[in-house]
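Student: Before we look at particular residues, could you show me how to read the general features of a model such as this one?

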Amino acid sequence: MLGPLLCRPMVHEDGVLIVDETGFVKKGDRSAGVARQYSGTAGRIENSQVGVFLAYASRYGQALVDRRLYLPESWTRDRARCARASIPEMVEFATKPKMARAMVEAALDAGVPCAYVLGDAVYGADSSLRRMLEAREQPYVLAVRGAHFMRR
């Protein structure tokens with residue numbers, strides 16, 4: 001999904017990558033990933049699907065560059081349910097921060113110019129995401145909750 005972005009004149013060295021998730025309230029339980037889970041869209045625990053998104057924004061505009069459907073562990077443990085929803089056997093459980101880390105790595109590996117990676121506390125609480133960005137010397141602004149303990 002990164003190809004179209006790299007061809008557009010909207011990329012700029014001051015651009016930022018933004019990672020965030022959103023929920024899609026759903027009825028029933030057949031749509032892939034639907035479960036009772038927190039949905040920022042609803043502002044509460046609700047029967048929903050959750051997607052993790054990576055956007056790029058610069059002074060020239062913004063674009064969605066990657067996205068992944070979050071599959072709760074209850075889904076990935078039930079391979080028959082996954083098969084009924086056409087989820088490939090190879091798909092395993094991944095946390096939202098792990099999904100975000102993979103998308104950010106792919107964007108950076110593809111050469112997307114990025115001044116900062118931005119995200120909320122869901123992503124800021126993940127030390128492996130922060131360590132990956134630090135190892136790449138990639139500046140970031142990731143929120144953390146007030147009670148979060150930061151190590152040096």
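Tutor: Let us begin with the surface, for which accessible areas come from the Shrake-Rupley method with a 1.4 Å probe. In this structure, which is a predicted model, the protein exposes about 9000 Å², and carbon and sulfur atoms supply 51% of that area.

Student: What share of the 152 residues is buried?

Tutor: A residue is called buried when its relative accessible area is under 20%. By that cut-off, buried residues make up 42% of the 152 residues in the protein.

Student: How many helices and strands does the protein have, and in what order do the elements run from the N terminus?

Tutor: The protein has six helices and six strands, and read from the N terminus on, their order is α-β-β-β-β-α-α-α-β-α-α-β.

Student: What radius of gyration does the protein have, and what would a compact globule with 152 residues have?

Tutor: The general idea is to set the value for the chain beside a rule for globules, and here a compact globule with 152 residues would have a radius of gyration near 15 Å, while the protein has 17 Å, which agrees. Along its principal axes, the C-alpha trace spans about 45 × 40 × 30 Å. As for contacts with a separation of 6 or more, 58% of them come from residues 24 or more positions apart.

Student: Which residues have the most contacts inside the largest nonpolar core?

Tutor: A nonpolar core joins buried residues of certain types through side-chain atoms within 4.5 Å. The largest one here has 23 residues, and those with the most contacts inside it are L17, V52, L54, V104, Y123 and L133. At least two residues of this core are supplied by each of β1 (16-25), β3 (44-58), β4 (61-70), α4 and α6 (127-135), and α4 gives the most, with six residues. There is also a second, separate core of five residues, which includes A32, L71, C82 and I87.

Student: Which residues does L133 touch, leaving aside those up to four places away in sequence?

Tutor: With that exclusion, L133 touches V104, L108, V117, Q138, Y140 and L142.

Student: Where is the place of P113?

Tutor: P113 lies in the loop between α4 (96-109) and β5 (116-119), and P113 is partly exposed, with a relative accessible area of 25%. A separation in sequence should be read together with one in space: P113 and G15 are 98 residues apart along the chain, yet their C-alpha atoms are separated by 6.6 Å.

Terms used
Residues are numbered from 1 along each chain as its sequence is written. This is a predicted model: local features need pLDDT of at least 70, side-chain atom pairs count only at pLDDT 80 or more; totals for chains, interfaces and linings use all residues. Side-chain values use heavy atoms; hydrogens and water are left out. Helices (H or I, at least four residues) and strands (E, at least two) are DSSP runs, numbered from the N terminus. Buried means under 20% relative accessible area, exposed over 50%, partly exposed in between (1.4 Å probe, protein chains only). The radius of gyration is taken over C-alpha atoms; the globule rule is 2.2 Å times the number of residues to the power 0.38. Contact means heavy atoms within 4.5 Å.
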